[in-house]
Amino acid sequence: MTTYKSACSLNCWDSCGFEVTVENGKVIKVDGDKNHPITKGKICGRGRMLETRTNSDDRILYPLKKVDGVFQRISWEQALTEIADTMKKIKNDVGSTAVLHSHDYSNSGLLKNLDKRFFNCYGGVTELTGSICWGAGIEAQKWDFGSAWSHSPEDIFNSKNVVIWGRNVVRTNMHLYSYLQEVKKKGTNIIVIDPLFNATAKMADSYISVKPGMDGILAIGVMKEMIRLELEDREFIHQYTHGYDYLLALINQLTFEEIVNLTNVPRETFTELAYVYSSGPTTTYLGLGMQRYSNGGNTIRLIDALGAVSGNIGIPGGGVNFGNLQVGGSFNIEALSLPERKKESRSFTMMSQAEGVLKAVNPDIRMIFVTCGNPLTQVPNTKMVHKAFSSVETLVVVDQFMTDTAELADYVLPTTTVFEEEDLYYSSMYHHYVNYGKKLVEPPGQAKSDLWIWTELSKKLGFGEDFDFSREEFINLGLQNVNEKGITLERLRNENHLPLPVDEVPWHDFKFQTPTGKYEFYSTIAATKGYDGELKLSFPQESSLTNQELARKYPYTLLSIHPMRSNHSQHYHIIEALQEIKVEISIDIAKMKDISQNDTVRVYNDRGELYGKAHILQRSHENIINIDEGQWSKFGGSVNLLTPDRESDNGLGSTLYDCLVNIEKK
Ligand SMILES: Nc1nc2c(c(=O)[nH]1)N[C@H]1C(S)=C(S)[C@@H](COP(=O)(O)OP(=O)(O)OC[C@H]3O[C@@H](n4cnc5c(=O)[nH]c(N)nc54)[C@H](O)[C@@H]3O)O[C@H]1N2
Ligand SMILES: Nc1nc2c(c(=O)[nH]1)N[C@H]1C(S)=C(S)[C@@H](COP(=O)(O)OP(=O)(O)OC[C@H]3O[C@@H](n4cnc5c(=O)[nH]c(N)nc54)[C@H](O)[C@@H]3O)O[C@H]1N2
Ligand code: SF4
Ligand SMILES: [Mo]
């Protein structure tokens with residue numbers, strides 16, 4: 001029995017360090033690495049269960065091909081030859097963009113970026129832009145600050161107030177929760193703003209329930225009150241910002257009465273928050289909740305504006321933390337992905353990839369290649385995704401398990417888990433440490449790493465030399481930019497984790513990466529992209545404010561937040577207790593519809609329907625239903641059967657939570 005240092009590969013805020021025990025060539029236990037400076041030996045069940053995922057009897061062991069509707073085992077040679085021949089023919093007949101590369105980021109390994117290298121060297125395929133996950137918020141912060149950077153986790157000790165805004169910390173970001181527990185002990189004031197009274201709200205000093213999608217209006221109200229009380233940071237506004245007059249004009253458009261009505265937040269809360277933000281340092285931890293609406297980008301921009309007006313930008317203990325692009329930006333992704341090798345290009349947004357496939361002409365989409373993603377459960381509007389992914393001649397899925405997407409494939413290629421290959425792991429969401437993951441065990445059956453698959457396919461397609469590098473050489477390519485700062489593979493192999501060179505207090509020099517060099521209330525980047533640079537009054541698209549007819553038919557907002565025990569769709573099949581749909585409903589709906597705990601209910605809208613067991617929320621905003629995302633079709637179906645595939649206001653995010661439904665007792 002030997003214990004090795006390793007790392008979590010799951011797409012998560014926390015990017016934990018692991019200690020993994022191996023016995024007789026098998027992983028037998030996953031634990032936390034106590035020496036990791038941020039994650040400090042604590043890990044969650046999802047990480048622990050990477051052991052179960054690795055050892056599962058349900059792993060796909062051989063390449064599979066669907067013949068007459070039934071999967072048959074084939075050899076790698078046959079699978080790769082047939083796939084390569086199909087790709088050659090497509091390129092010759094209609095061009096390489098007739099192939100769509102559909103992916104997400106289910107594995108945060110550095111070398112997972114090599115899929116892009118493969119498709120670029122092939123000539124360029126139809127790629128996905130934006131992000132279902134955080135696209136609206138990232139783009140919003142690029143408009144305001146020039147980039148989306150976060151304060152380092154330890155900087156929370158400098159904060160007097162911490163506002164957790166739409167982030168479900170206890171569930172999704174357990175080490176931030178540890179920090180919250182620590183700072184609470186020393187008297188830091190913690191505020192949670194969320195339509196659901198979640199576990200983080202329980203430990204907070206105050207909880208503010210807000211109407212879904214109305215956080216931007218809430219921020220306007222706080223700024224309005226701050227200005228009324230003359231608490232704004234005039235020096236910061238004057239010296240370091242651009243377009244304040246536009247913001248003032250917007251703030252003056254609404255009365256407090258209107259603001260209270262729109263947000264459902266009591267008048268006195270605006271005064272409290274105005275004092276909280278102006279008696280800082282106050283740090284805001286944004287989650288992804290409120291940016292998954294049609295007005296999501298504008299919402300994040302208004303909360304950023306609150307951070308700026310109150311003078312909480314660029315100071316220790318302040319900040320409006322969303323993602324931390326400094327982390328991913330440390331790696332030389334271009335050296336790995338070779339964008340210059342693309343001869344043709346086309347893109348669809350990630351959210352509307354299904355519509356893209358169905359509408360594509362010149363060329364139409366002939367092949368879809370899925371890696372590190374499970375679009376049949378994770379991409380909105382499942383019915384359309386199903387139609388699109390069934391419409392192409394060839395669907396290739398690389399995965400470890402027979403997911404909903406793999407079920408639909410013509411070829412399924414079995415791949416490795418984190419413990420079966422060497423890589424580096426990082427997340428651009430929270431802390432700035434990169435972790436090392438050693439190859440600990442051999443993959444089962446004939447499962448092969450994604451990298452092996454690209455290497456073998458590239459040989460068959462005539463660009464084998466582009467993959468004629470060892471794993472070590474590829475990792476070194478990715479580390480090129482940070483080598484001179486002493487971050488090397490050799491050190492990582494020895495030390496397991498290293499801090500990347502980031503600003504731990506972003507914008508401390510008040511030099512922003514926007515075209516004006518200032519914090520921009522009026523975004524010049526937006527304007528150059530053809531958007532209006534002004535902040536706006538904007539609302540969710542599926543709401544009684546904007547679509548009364550729809551709201552009469554479907555009066556309730558459906559959230560589909562991240563599950564506690566699964567990372568997206570990755571754990572449902574190994575945790576029996578998760579294999580049914582739990583429909584959480586606010587108590588007002590339960591009363592109105594005479595629904596009791598555990599009643600079977602049907603949730604529906606024009607896009608689809610789902611059946612599940614009712615669970616009544618004792619405390620939440622009214623008119624809300626939640627069904628956790630990630631459920632498999634064999635256990636009842638994905639909540640994305642109900643969600644819209646529209647893009648957010650800035651074009652790059654999803655509108656997953658901007659979704660109206662109705663419910664009935666069955
Ligand atoms: N357990 C677990 N942890 C995870 C993941 C997982 O699948 N499972 N996934 C990881 C990934 S990829 C991501 S992106 C992160 C996401 O991490 P979070 O941002 O925490 O994710 P969400 O589940 O979207 O929850 C966001 C919160 O926003 C709230 N919310 C919804 N609408 C609104 C609104 O209009 N206003 C406000 N103020 N709040 C709103 C929800 O009630 C919820 O409490 O989690 C990561 N961690
Ligand atoms: N309704 C609703 N939908 C959502 C969300 C929501 O909150 N609500 N959240 C969104 C968010 S934030 C995200 S990030 C996405 C996540 O969406 P996805 O990334 O698609 O979801 P996962 O279930 O994490 O993983 C997809 C697949 O990747 C496979 N996989 C794991 N490791 C590897 C690997 O090394 N190689 C390959 N080839 N495959 C691998 C897994 O087995 C799994 O089947 O979902 C989005 N969808
Ligand atoms: S899923 Fe997140 S919290 Fe859990 S072990 Fe992995 S990185 Fe840590
Ligand atoms: Mo995500």
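A polar contact here is a pair of N or O atoms within 3.5 Å. Keep that cut-off handy for the exercises below, and remember that the model is predicted.

**Exercise 1. Find out which backbone atoms make polar contacts with ligand 1, working through glycine 166, glycine 213 and methionine 564.**

Solution. Start with the surroundings: ligand 1 has 37 residues around it, and the closest are Asn168, Asp194, Gly213, Asp215 and Tyr657.

Next, take the oxygen side. A polar backbone atom of glycine 166 sits 3.1 Å from an oxygen atom of ligand 1. For glycine 213, a polar backbone atom is 2.7 Å from an oxygen atom of the ligand.

Now the nitrogen side: methionine 564 has a polar backbone atom 3.1 Å from a nitrogen atom of ligand 1.

Last, check the cut-off. A pair of N or O atoms counts when it is within 3.5 Å, and the distances are 3.1 Å for glycine 166, 2.7 Å for glycine 213 and 3.1 Å for methionine 564.

**Exercise 2. Do the same for ligand 2, and sort side chain from backbone for arginine 53, cysteine 372 and serine 560.**

Solution. Ligand 2 is surrounded by 32 residues, with Arg53, Gln378, Asp399, Ser569 and Asn640 the closest.

Side chain: arginine 53 puts a polar side-chain atom 2.8 Å from an oxygen atom of ligand 2.

Backbone: a polar backbone atom of cysteine 372 is 3.3 Å from a nitrogen atom of the ligand, and a backbone N or O atom of serine 560 is 2.9 Å from a nitrogen atom of ligand 2.

**Exercise 3. Work out how helix H9 runs relative to helix H12, and what lines their contact.**

Solution. Helix H9 covers residues 215-228 and H12 covers residues 256-263; their axes come within 9 Å and cross at roughly 150°. Angles over 145 degrees count as roughly antiparallel, so H9 is roughly antiparallel to H12.

As for handedness, H9 passes H12 in a left-handed crossing.

Then look at who touches whom. From H9 come Ile217, Leu218, Ile220, Gly221, Lys224, Glu225 and Arg228, and they meet Phe256, Ile259, Leu262 and Thr263 of H12. Sorted by class, that contact holds six nonpolar, two polar and three charged residues.

**Exercise 4. Repeat the analysis for H3 and H21.**

Solution. H3 (residues 76-93) and H21 (residues 450-460) pack at about 60°, with axes 9 Å apart. The two helices are therefore oblique to each other, and their crossing is right-handed.

The H3 side includes Trp76, Leu80 and Lys88, while the H21 side includes Trp452, Ile453 and Lys460. By class, you get seven nonpolar, one polar and four charged residues in this contact.

Conventions:
Residues numbered from 1 in each chain as written. Chains lettered and ligands numbered in written order. Predicted model: local features only at pLDDT ≥ 70, side-chain atom pairs only at ≥ 80, totals over all residues. Heavy atoms only, no water. Axes fitted to C-alpha atoms, helices over the stretch in contact; angles between N-to-C directions. Helix = DSSP H or I, 4+ residues; strand = E, 2+ residues; numbered from the N terminus. Parallel < 35°, antiparallel > 145°, perpendicular 65-115°, else oblique. Left-handed = near helix turned anticlockwise from the far one by under 90°. Contact = heavy atoms within 4.5 Å. Nonpolar A, V, L, I, M, F, W, Y, C, P; charged D, E, K, R; others polar. Near = heavy atom within 4 Å. Polar contact = N/O pair within 3.5 Å; in protein donor to acceptor, adjacent residues only side chain to side chain.
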